[in-house]
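Me: Could you take a close look at one part of this protein for me, the nonpolar core? I'd like to know what it's built from and what sits around it.

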Amino acid sequence: MVETRKTYKISTRFATRLCVLALFAQTSACSAELPPDVPTVLDARKFVISQTDAGCDDTENTYVIKDDRMIVVSQSGKFATIIYDLYCETYAVRTRVFLLWRTLHGYRLMHFAKPVYELHWADDVGSELAERPTAIGYEVVTRLPNGKIDPNSLEITSNERWGARQDSGEQGSWRFLHNTDRYALSSFAVDLYGRRSLMPTEGDQLKGERFMLFPSGK
């Protein structure tokens with residue numbers, strides 16, 4: 001099987017057809033054009049907007065959707081596997097969603113396991129933790145705050161920042177499983193400094209401390 005990895009921007013409608021517009025490739029020249037039935041980035045955006053479980057905006061804000069792109073995971077003859085990296089919504093942070101498309105199988109909205117945890121404080125003002133936070137379960141999400149995909153490894157990361165000073169938050173990463181075309185959680189950490197008391201000197205011992213929820217025991 002001939003396998004190449006390329007990324008394409010949304011700025012040109014026919015980027016899915018023209019190898020010369022590839023922004024990334026493992027080889028200096030494209031070995032073959034993509035099959036003609038591969039959806040464009042605009043097609044993928046229309047599909048994800050139609051999915052109510054994705055919950056994405058249908059905005060036409062050019063500034064936030066200009067980074068939409070497609071990544072060719074593999075291609076061989078008339079068969080291809082594509083990942084689409086798409087803008088979803090903007091609130092405090094920008095969220096992204098990821099679609100996988102395979103010849104004969106169509107689209108699949110990517111899902112990501114995320115740890116669920118509880119915070120137990122030693123006092124009423126939240127200045128000291130009674131115990132380290134640990135995962136008590138997992139939830140499945142489709143939208144990733146500040147989600148990014150590495151076109152080489154296909155690893156996806158998320159970095160959600162809290163508070164006015166963005167001095168705490170959650171960071172996760174997921175690896176791509178080629179045998180199942182799915183993502184598996186590889187790491188997840190939380191920095192709780194922004195959840196401290198509003199008093200300026202309380203909770204400073206949490207500043208910069210990251211708690212690893214997955215893998216556990218670290």
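Reply: First, a working definition: a nonpolar core here is a set of buried Ala, Val, Leu, Ile, Met, Phe, Trp, Tyr and Cys residues joined through side-chain atoms within 4.5 Å. Keep in mind that we're looking at a predicted model.

With that settled, the largest nonpolar core comes out at 24 residues. Inside it, the ones with the most contacts are I83, F112, I149, L154, I156 and Y183. As for where the residues come from, at least two each are supplied by strand 3 (69-76), strand 5 (94-102), strand 7 (112-117), strand 11 (156-162), strand 12 (168-177), strand 13 (182-191) and strand 14 (210-214). Strand 13 chips in the most, with four residues.

Y183 is a handy place to zoom in. Skip its neighbours within four places in sequence, and Y183 still touches I83, M110, H111, F112, I149, L154, I156, W174, R175 and F176. There's also another core lying apart from this one, with 18 residues, including V48, V72, L86 and L99.

Some of the core's strands turn up again at a pocket. The second largest pocket has a volume of about 210 Å³. It is lined by 16 residues, and K114, V141, R143, L144 and P145 are the closest to its centre. Strand 9 (144-145), strand 11 and strand 12 each put at least two residues into that lining, and strand 12 gives the most, with four. Sorted by class, the lining is a mix of six nonpolar, five polar and five charged residues.

Note on methods. Residues numbered from 1 in each chain as written. Predicted model: local features only at pLDDT ≥ 70, side-chain atom pairs only at ≥ 80, totals over all residues. Heavy atoms only, no water. Buried < 20%, exposed > 50% of the residue type's maximum accessible area, 1.4 Å probe, protein only. Contact = heavy atoms within 4.5 Å. 1 Å grid on protein atoms, 1.4 Å probe; cavity = no way out; pocket = protein on both sides within 12 Å on 5 of 7 lines; lining within 4 Å. Points joined across faces, edges and corners; volume = space filled by probe spheres on them. Nonpolar A, V, L, I, M, F, W, Y, C, P; charged D, E, K, R; others polar.
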